[in-house]
Amino acid sequence: MNMETVELKVEMVGIHEKRLRKCLSKLRGIEKVEVDGNSQKVVVIGYAHKNKILKAIRRGGLKADFWSAQNELLQAYAATASYSSFRFNNFSFY
């Protein structure tokens, strides 16, 4: 079996990274796990099949799916969105 890289989108908050790593530690063949909490992207490198990796993460109670091009577009948009461009109308109640 060849080593493969699996990219996943995992909804993570706070201690979820620890739970994620614990789920993956039970799988044989995992060589490396990279977690980017800001983009909620997880990269798993190893010999385990991608479906087994996804199943293990979901079994741990985390929402996960395979990373897609749509996730890349959303991440790029979020990074470039300027919140200062939003305008709020001031209303006077008096």
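Here are some friendly questions and answers about the strands and salt bridges of this predicted model.

Q: How many bridges join strand 2 to strand 3?
A: Let's start with where the two strands sit: strand 2 covers residues 30–36, and strand 3 covers residues 41–46. They run antiparallel. The number of bridges joining them is six.

Q: Which residue in the hairpin of strand 2 and strand 3 takes a positive phi?
A: Look at the turn of the chain here: this hairpin has four residues between the strands. One residue there has a phi near 60°, and that residue is Gln-40.

Q: Which residue in strand 3 does Asp-36 stand opposite?
A: Asp-36 belongs to the stretch 30–36, which is strand 2. Strand 2 is joined to strand 3, and there the residue opposite Asp-36 is Lys-41.

Q: Which side chain meets Lys-41 in a salt bridge?
A: A salt bridge needs a side-chain nitrogen of Lys or Arg within 4 Å of a carboxyl oxygen of Asp or Glu. For Lys-41, the N to O distance is 3.6 Å. The partner lies in strand 1 (residues 4–10) while Lys-41 lies in strand 3, so the pair ties together parts that are 34 residues apart in sequence. That partner is Glu-7.

Q: Is Lys-41 buried or exposed?
A: The cut-off for buried is under 20% relative accessible area. Lys-41 has 16% relative accessibility, so Lys-41 counts as buried.

Q: What is the relative accessible area of Glu-7?
A: Glu-7 shares a salt bridge with Lys-41. Glu-7 is partly exposed, and its relative accessible area is 34%.

Q: What separates Glu-17 and Arg-21 along helix 1?
A: The side chains of Glu-17 and Arg-21 meet in a salt bridge, at 3.2 Å from N to O. Both residues lie in helix 1 (residues 16–25), four residues apart, so the separation is about one helical turn.

Q: How far apart are the closest N and O atoms of Lys-32 and Glu-34?
A: Lys-32 is partly exposed, at 44% relative accessible area. Glu-34 is partly exposed too, with 35%. These two residues form a salt bridge, and the closest N and O atoms are apart by 3.1 Å.

Q: Which residue in strand 3 is the bridge partner of Val-6?
A: Strand 1 and strand 3 pair in the antiparallel sense, over six bridges. Within this pairing, the partner of Val-6 is Val-44.

Q: Which residue in strand 4 does Leu-8 stand opposite?
A: Strand 1 is also joined to strand 4 (residues 64–66), by three bridges, and these strands run antiparallel. Opposite Leu-8 in strand 4 stands Phe-66.

Methods: Residues are numbered from 1 along each chain as its sequence is written. This is a predicted model: local features need pLDDT of at least 70, side-chain atom pairs count only at pLDDT 80 or more; totals for chains, interfaces and linings use all residues. Side-chain values use heavy atoms; hydrogens and water are left out. Two strands pair if DSSP finds at least two bridges between them. Buried means under 20% relative accessible area, exposed over 50%, partly exposed in between (1.4 Å probe, protein chains only).
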